[in-house]
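Reader: I have a structure open and want to learn to read it feature by feature. Where do we begin?

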Amino acid sequence: MIEANALTIEHGTGKRTVRAVQDVTFRLEDGGSLALIGPSGCGKTTILLALSGLLSPCSGTIQIDGRPVTRPRRQVALILQNAGLLPWKTVWQNANLSLLLSGEYPRHNARQVLEHLGLYAVRSSFPPQLSEGMKRRVGIARALSTAPSVLLMDEPLASLDTLTRERIQDLFLTLWQERRFSMVLVTHDIEEAAFLGQRILVLTERPARIKALVENPDVGSLDYRETEPFGRTVRALREALEQ
Amino acid sequence: MKRVLTYVLSLVILLFLWEMAALLVNGINHTILLPGPFNAFSQMVKNAAELWAAFLTSTWRLILAMLIALAAAVPLGLFIGRNTAFDRLVSPMIYITYPIPQVALILFLFILFGTGSAAKVAMIAPVLFFQILVSARGAAKNIEEEHLTSVLSAGATPRQVYWHVILPASLPEILTSVRVTIGLGITFLYIAETQAGQSSGLGAFINKYMLFRRDRAFAGIAAMAILGLVLYIGVDLIERLLCRWKYVKRPPTGIRLRWKRRSDR
């Protein structure tokens with residue numbers, strides 16, 4: 001379970017201090033999905049980096065499975081906006097970065113993940129040789145390589161064309177249902193939040209505060225986009241963002 | 001194959017221009033002031049043993065100076081580039097010491113290291129060191145934050161961040177600066193090798209023959225140019241080996257910009 005309690009985060013020091021997040025509280029049950037939506041630059045990514053252990057809040061607490069988050073943990077995987085692939089490493093090395101850093105040889109799971117995502121044939125290629133969609137899939141493979149219990153995603157599908165974006169959203173949904181990890185998604189795309197988030201937190205302009213909570217419990221099927229609850233959630237999110 | 005042919009064509013044009021310049025200069029002065037490439041290369045063959053020994057001496061001096069400069073400048077430059085507080089402390093020292101002409105210190109270096117190879121290497125290495133240091137520092141400053149976040153979130157230690165991100169990301173820029181320093185290194189090599197009384201190497205060879213056997217001196221100059229070319233090719237090969245991702249075939253974008261002539265508009 002992820003618990004963020006009265007989270008306040010500031011960047012910089014002295015006169016240059018900027019408050020990015022103020023008094024944000026939420027909970028996410030094991031295997032659940034949460035989307036954070038808000039205007040660009042409001043502090044969504046800051047919350048995600050704090051959840052991953054890369055940033056410390058100046059006040060408030062974050063706990064994952066009852067333990068305070070003080071540094072990156074193996075069971076918490078982060079997918080970055082542009083996949084964060086290292087151009088000088090091959091697809092195989094990028095996908096298994098966490099394992100290679102900890103000195104472990106990638107096991108059967110690594111090959112299985114690459115095969116599942118259709119990347120095994122290009123395992124020796126370098127990122128500049130891949131299409132944008134493939135790069136995002138390598139980012140997903142990297143996140144899944146350690147079999148995480150929490151998956152954090154920072155606008156993972158930004159700047160992709162509509163069709164590729166929907167395909168990868170479908171892939172996220174399938175993987176989430178198969179592997180039962182908890183998922184926190186940061187996005188500014190209303191439809192993406194409505195398709196993947198069981199609970200959706202709408203954030204204010206900087207500093208990010210919770211403006212509204214939209215429950216979206218029917219998430220889980222690939223044809224959810226065609227249903228009435230999806231349309232209702234999209235309308236509710238639009239209204240909340242425009243307020 | 002096309003690449004090799006272009007290289008050969010380029011060399012042929014250069015030799016042709018040299019020959020033309022020699023004909024022009026010697027024609028105007030009615031004496032052989034500037035030996036042409038054929039004279040120089042025939043002297044190269046006739047003095048092969050002496051020239052080869054000088055070439056080897058100069059080559060190892062320059063390579064040793066480059067290795068010393070790289071070993072000192074790369075770790076320091078990368079560390080300065082990523083550490084703002086240390087950068088503020090060290091940068092003024094760099095800016096003050098960087099413009100000092102090494103030639104001004106040559107007598108001091110001879111006193112310190114003697115007139116052998118050590119003084120020559122000690123004169124060349126600092127010149128290369130500053131060039132590489134400034135490049136490594138700049139490259140480390142411009143690392144994409146996303147790459148750092150990526151490895152940090154995967155649990156990398158500070159040492160792993162340097163090894164897996166900062167060093168490989170900076171490598172192309174460092175190698176470009178190494179290429180730039182080859183020309184500079186050869187210039188300083190020449191100066192260092194001509195300054196001591198009993199000297200060796202290509203600089204001394206050129207100096208020895210410049211007044212009375214200019215064709216031999218130009219054979220030495222050609223050998224110095226060949227030394228530069230060999231080092232350039234060496235750095236290119238090292239870059240192809242260490243920066244393989246830069247030389248891979250990328251997916252076609254379908255965009256091919258055409259340069260329009262004024263008359264086409």
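**Burial, helices and contacts**

Author: We begin with an enclosed helix. In α6(B), 20 of the 25 residues are buried, so this helix is largely enclosed by the rest of the structure. Keep in mind that the model is predicted.

Reader: How far does α6(B) reach from its first C-alpha to its last?

Author: Compare the span with the expected rise. α6(B) reaches 36 Å, close to the 36 Å expected at 1.5 Å a residue.

Reader: What should I look for in the nonpolar core?

Author: The general idea comes first. In soluble globular proteins, nonpolar side chains tend to be buried together. Now this case. The largest nonpolar core has 129 residues. A:Leu152, B:Ile124 and B:Ile132 have the most contacts inside this core. Helix α6 (residues 117–141) of chain B gives the most to this core, with 15 residues.

Reader: Which residues does B:Ile124 touch, not counting residues up to four places away in sequence?

Author: B:Ile124 touches B:Leu62, B:Ala65 and B:Gly185. B:Ile124 also touches B:Phe188, B:Leu189 and B:Ala192. Residues up to four places away in sequence are left out of that list.

Reader: How do I read a bend in a helix?

Author: Check the span, then look for the residue where the axis turns. Helix α3 of chain B covers residues 48–82. This helix has 35 residues and reaches 49 Å from its first C-alpha to its last. The expected value is 51 Å at 1.5 Å a residue, and the helix comes close to it.

Reader: Where does α3(B) bend, and by about how many degrees?

Author: α3(B) bends by about 25° at B:Ala73. A proline, B:Pro75, follows within four residues.

Reader: Now take one residue in a helix. Where is B:Leu175 placed?

Author: B:Leu175 is in helix α8 (residues 158–195) of chain B. Count neighbours next. B:Leu175 has 19 C-beta neighbours inside 10 Å, so it counts as partly exposed. The cut-off for buried is 20 or more.

Reader: Which residues is B:Leu175 in contact with, leaving aside its neighbours within four places in sequence?

Author: B:Leu175 is in contact with B:Val235, B:Ile238 and B:Glu239, once neighbours within four places in sequence are set aside. Sequence separation is worth a look too. B:Leu175 and B:Leu242 are 67 residues apart in sequence, and their C-alpha atoms are 10 Å apart in space.

Reader: Is B:Ala21 buried or exposed?

Author: B:Ala21 has 12 other C-beta atoms within 10 Å, so it is exposed. B:Ala21 sits in helix α1 (residues 2–29) of chain B. The C-alpha atoms of B:Ala21 and B:Gly234 are separated by 30 Å. Along the chain, these two residues are 213 residues apart.

Reader: Move to domains. What does the assignment give for chain B?

Author: The domain assignment gives domain 1 (1–34) and domain 2 (40–244) of chain B. Their centres, taken over C-alpha atoms, are separated by 29 Å.

Reader: And what does the assignment give for chain A?

Author: Watch for a domain written in two segments. In chain A, domain 1 is 2–75 + 150–242, and domain 2 is 83–147. The C-alpha centres of these domains of chain A lie 24 Å apart. Their contact takes eight residues from domain 1 and eight residues from domain 2. On the domain 1 side, helix α6 (residues 162–179) of chain A gives the largest share, three residues. By class, that side has six nonpolar, one polar and one charged residues.

Reader: How many residues does each chain give to the contact between chain A and chain B?

Author: Chain A gives 19 residues and chain B gives 19 residues. Helix α3 (residues 97–101) of chain A gives the most to the chain A side, with three residues. The chain A side has eleven nonpolar, seven polar and one charged residues.

Reader: Last, the backbone. What is worth flagging?

Author: Again, the general idea. Most residues other than glycine have a negative phi, and most peptide bonds are trans. Now look for exceptions. The peptide bond from A:Arg206 to A:Pro207 is cis, with omega near -5°. A:Pro207 lies in the loop between β9 (199–203) and β10 (210–215) of chain A.

Reader: Where does A:Ala147 lie, and what is its phi near?

Author: A:Ala147 lies in the loop between α5 (132–144) and β7 (150–154) of chain A. Phi of A:Ala147 is near 50°, a positive value in a residue other than glycine. A:Ala147 has 12 C-beta neighbours inside 10 Å, so it counts as exposed.

Reader: What about A:Arg180?

Author: Phi of A:Arg180 is near 55°, a positive value in a residue other than glycine. A:Arg180 lies in the loop between α6 and β8 (182–187) of chain A. With 12 other C-beta atoms within 10 Å, A:Arg180 is exposed.

How values were computed. Residues are numbered from 1 along each chain as its sequence is written. Chains are lettered from A and ligands numbered from 1 in the order in which they are written. This is a predicted model: local features need pLDDT of at least 70, side-chain atom pairs count only at pLDDT 80 or more; totals for chains, interfaces and linings use all residues. Two residues are in contact if their C-beta atoms, placed from the backbone, lie within 7 Å. Helices (H or I, at least four residues) and strands (E, at least two) are DSSP runs, numbered from the N terminus. Ala, Val, Leu, Ile, Met, Phe, Trp, Tyr, Cys and Pro count as nonpolar, Asp, Glu, Lys and Arg as charged, and the others, Gly among them, as polar. A nonpolar core is a set of buried Ala, Val, Leu, Ile, Met, Phe, Trp, Tyr and Cys residues joined through C-beta atoms within 7 Å. The expected span of a helix is 1.5 Å times one less than its number of residues. The bend at a residue is the angle between axes fitted to the seven residues ending there and the seven starting there. Domain bounds come from an automatic or database domain assignment.
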